[in-house]
Amino acid sequence: MAPLSRSLRILCSSVIFLGAFLLFAVEPMAAKRLLPALGGSSAVWITCLVFFQIVLLLGYLYAHWLGRRTSAQRAEALHITLLAVAAALLLLASQPDLSRASAHPFIAIFQSLTLTLGLPFLLLASTSPLLQLWLARQERQGVPWRLFALSNAGSLLALLLYPAIIEPHLSLSTQRAAWACGFGVYALLSALTAWRVRGGVHAPSVGETTAAETGPKASRRARLLWFLLPAGAAMQLCAVTSHLSQNIAAIPLLWVLPLAVYLLTFIVAFDAPWLYRRWIVVRLLVVFLAALGYMLSKTDVSLPIQVSIGFFLTELFFACLFCHAETFALRPANPSESTLFYLLIAAGGAVGSIFIGIGCPLLFDSNYDVALAFLFTAALALLVTWNNGWGQRLLWSAGTALLLALVIMLHIVYGRNTLVAVRNFYGCLRVRQSYVPAQAGTIRTLTHGTIEHGTQWFAPEFRRVPTTYYATDSGVGLALRNCCGDRPRTIGVVGLGAGTLAAYGKLGDRLRFYEINPAVLPIAENLFTYIRESGAQITYALGDARLSLAHEPPQHFDVLAIDAFSGDAVPVHLLTTQAMAVYRRQLAPDGILAFHVSNQYLDLVPVVAEIAESAGMQSRVVETPTRASRGEYRATWVLVTNNAAFLAQPVVAAMARPIPPRRDLRVWTDDYSSLLPILQWGRPDQQ
């Protein structure tokens, strides 16, 4: 290789790696920046991911269009101009005012991300396919496919560094400044690369033929598989991530592992294709699909968390390796088709992600995502191995049919003992009915994935007794029973669930619930009786609680319960100093904040203590054990107040402990938060 060509390849490799790193570093950063303005639900993250998938597809479409321009010099000049415009936009653009965004943030998120990151993200997304094409035309040696593996290595590095290094040590404003500087370096290197290509050997026009473009055009079947195979891998990624988070363990940051596996299979497929042996992977895939199909069919059986996570990640690896390696095996022989190849890969990935992330919640009332992803994978294997003889045809035809039967069987099983199943933008809600233990009479339980959001025992002696995390000696029980003597109380609750806290309502009390998911309210009102039989006057505010509280006049709450931290999508924006200022504005002078922080994988107690101290308030932790005979779960609440008389009451002082400081933690703000320092494996008896 000539020195000029070698230096150009090094330059292209550097630009591709840096562009991919910036691409994956900005995704969590941009989404996190929106949380305080638009709510902390997982729906915000999902919407951001859909936006990035769409812009990634547009970036590949731009690369395909630019690569087919007859004038190479004009194409490169246009790219340099857009790089300059994008860099200028990063310097001039400001975050749009989203304080009055609608309760449904979809449009607001798209508008904000388009205005602040649209063009830079599009150019970053186009880097790998565009530079590979330019380099191939410059060197006349075919497409350097290994650079796509290098691109995914850059993405993987950013994915691992963000939660481990970047987020814990840098504020959002510092992250944005560093990323903008990184983009500036990327823009300069990209412009230099385009200029080097422009000033070197003239790129061939669309009609020209070179020694590198003498191969046959890709068949229609190959082009179809360029789309379908990446779509199958994307479906596997989204479905397995959702299943692990909602049905195995609600562990924060767990989404990093499936995405890392997904990127790793791209690296193996494009950089070390010799590691892929179809006959081995296909047989392993059969075993895993059969085993996981069996696991899904046993809805009442659970394996240890580590076994389940390892099993699903291993299946995901082989499924995505099959899809990506078979895609690479069908790569085009002509460099002129390389951008179309990447465009169809991106289109398949976008469609697969959108189907699982957006389509399934709209089409189904329960979560069939994993079963559908398995079914699609089996159908792909049938299509890919069709020419391998009748043995493979019969095997994968039977596998596809069995997985279709699994989807039907799951629909039947999910309906058993289920009164209502609802799925929307915010997740899957299910109300199950059972009759064990016998002293409870009828039991109804509201779940969101694997997280219980309320249980009611309908036996007469328990019907109006708060259960699960809200027992009378729990932190919120202590606050409600001892805050105000015999006078009527004003109570606020963030998170409705089954409406369990309404059981504390007495005649004359005012109780206001804040709930982001509109599907929860009719369930709480119609399938549970806590609200209907409460003596309090009850009102509701639908939408993100922090936004609602910020826009309302002072409510003068005697007790404000914040009950939103038991799931995997922890709404961090409810645990910042800015959020604390909103809560204090809504409290009565001697009011009490009760934070429910029972969580199997996060130690949120010191986080609450830090924001309480920053606000000049005292904090106490109240922990209560499991009492299965009364339907009470182990619960951890943190009470925050300046009401010295309340804290001095003997019953409160006996149960509420001071919180030892953790000086290694920084107080959370809208500009800084990190889950990694407080991540822990949960106790086995934690509900």
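The exercises below work through a predicted model, each with a solution in steps.

**Exercise 1. The sheet of four strands**

Task: Find the order of the strands in the open sheet of four strands, and decide which strands stand at its edges.

Solution: Begin with the order, which is β1-β2-β3-β4, and note that the pairing is antiparallel. Next, look for strands that pair on one side only: these are β1, residues 418–424, and β4, residues 451–457, and they are the edge strands. On average, neighbouring strands of this sheet are turned by 10° against each other, when direction is ignored. Then turn to one pair inside the sheet, where β2 (residues 427–434) and β3 (residues 443–448) are joined in the antiparallel sense over six bridges. As an example of a bridge, R430 has T447 in β3 as its partner.

**Exercise 2. The sheet of eight strands**

Task: Explain why one side of β7 and one side of β12 are left without a neighbour in the sheet.

Solution: It helps to recall that strands of a sheet pair through backbone hydrogen bonds, either parallel or antiparallel. In this open sheet of eight strands the order is β7-β6-β5-β8-β9-β11-β10-β12, with mixed pairing. The strands β7 (537–542) and β12 (657–658) stand at the edges and have a single partner strand each, so one side of each has no neighbour in the sheet. For a parallel pair, take β5 (residues 490–494) and β8 (residues 557–562), which are joined by four bridges; here V493 has A561 in β8 as its bridge partner.

**Exercise 3. A salt bridge between separate parts of the chain**

Task: Locate R223 and E337 in the chain, and decide whether each is buried, partly exposed or exposed.

Solution: First, establish the contact: the side chains of R223 and E337 meet in a salt bridge, at 2.6 Å from N to O, which is one of 17 salt bridges in the structure. Second, place the two residues: R223 belongs to helix α7 (residues 220–248), while E337 belongs to the loop between α10 (305–329) and α11 (338–363), so the pair ties together parts that are 114 residues apart in sequence. Third, compare the relative accessible areas with the cut-offs, since under 20% counts as buried and over 50% as exposed, with partly exposed in between. R223, at 31%, is therefore partly exposed, whereas E337, at 3%, is buried.

**Exercise 4. An aromatic pair**

Task: Work out how the rings of Y469 and Y633 are arranged, and where the two residues lie.

Solution: Start with the geometry: the ring centres of Y469 and Y633 are 5.5 Å apart and the planes stand at 75°. Planes over 60 degrees apart count as edge-to-face, so the pair of Y469 and Y633 is edge-to-face. Y469 lies in the loop between β4 and α14 (475–482) and Y633 in the loop between β10 (618–624) and β11 (635–641), so that distant parts of the chain, 164 residues apart, are linked. Both Y469 and Y633 are buried, and the structure holds 30 aromatic pairs.

**Exercise 5. A nonpolar patch**

Task: Name the residues of the nonpolar patch on the surface, and find which helix gives the largest share.

Solution: The patch is formed by I54, L58, L61 and I354, which together have about 290 Å² of accessible area. Three residues, the largest share, come from helix α2 (residues 42–67), and I54 lies in this helix. With 31% relative accessibility, I54 counts as partly exposed.

Methods. Residues are numbered from 1 along each chain as its sequence is written. This is a predicted model: local features need pLDDT of at least 70, side-chain atom pairs count only at pLDDT 80 or more; totals for chains, interfaces and linings use all residues. Side-chain values use heavy atoms; hydrogens and water are left out. Two strands pair if DSSP finds at least two bridges between them. Axes are lines fitted to C-alpha atoms, for helices over the stretch in contact, and angles run from 0 to 180 degrees between N-to-C directions. Patches are made of residues with over 30% relative accessible area and no salt bridge: like charges are joined within 9 Å, nonpolar side chains (Val, Leu, Ile, Met, Phe, Trp, Tyr) within 5 Å. Accessible areas come from the Shrake-Rupley method with a 1.4 Å probe; for residues, only the protein chains shown count as cover. A salt bridge is a side-chain nitrogen of Lys or Arg within 4 Å of a carboxyl oxygen of Asp or Glu. Buried means under 20% relative accessible area, exposed over 50%, partly exposed in between (1.4 Å probe, protein chains only). Rings of Phe, Tyr and Trp (its six-membered ring) pair if their centres lie within 6.5 Å; planes under 30 degrees apart count as stacked, over 60 as edge-to-face and the rest as tilted.
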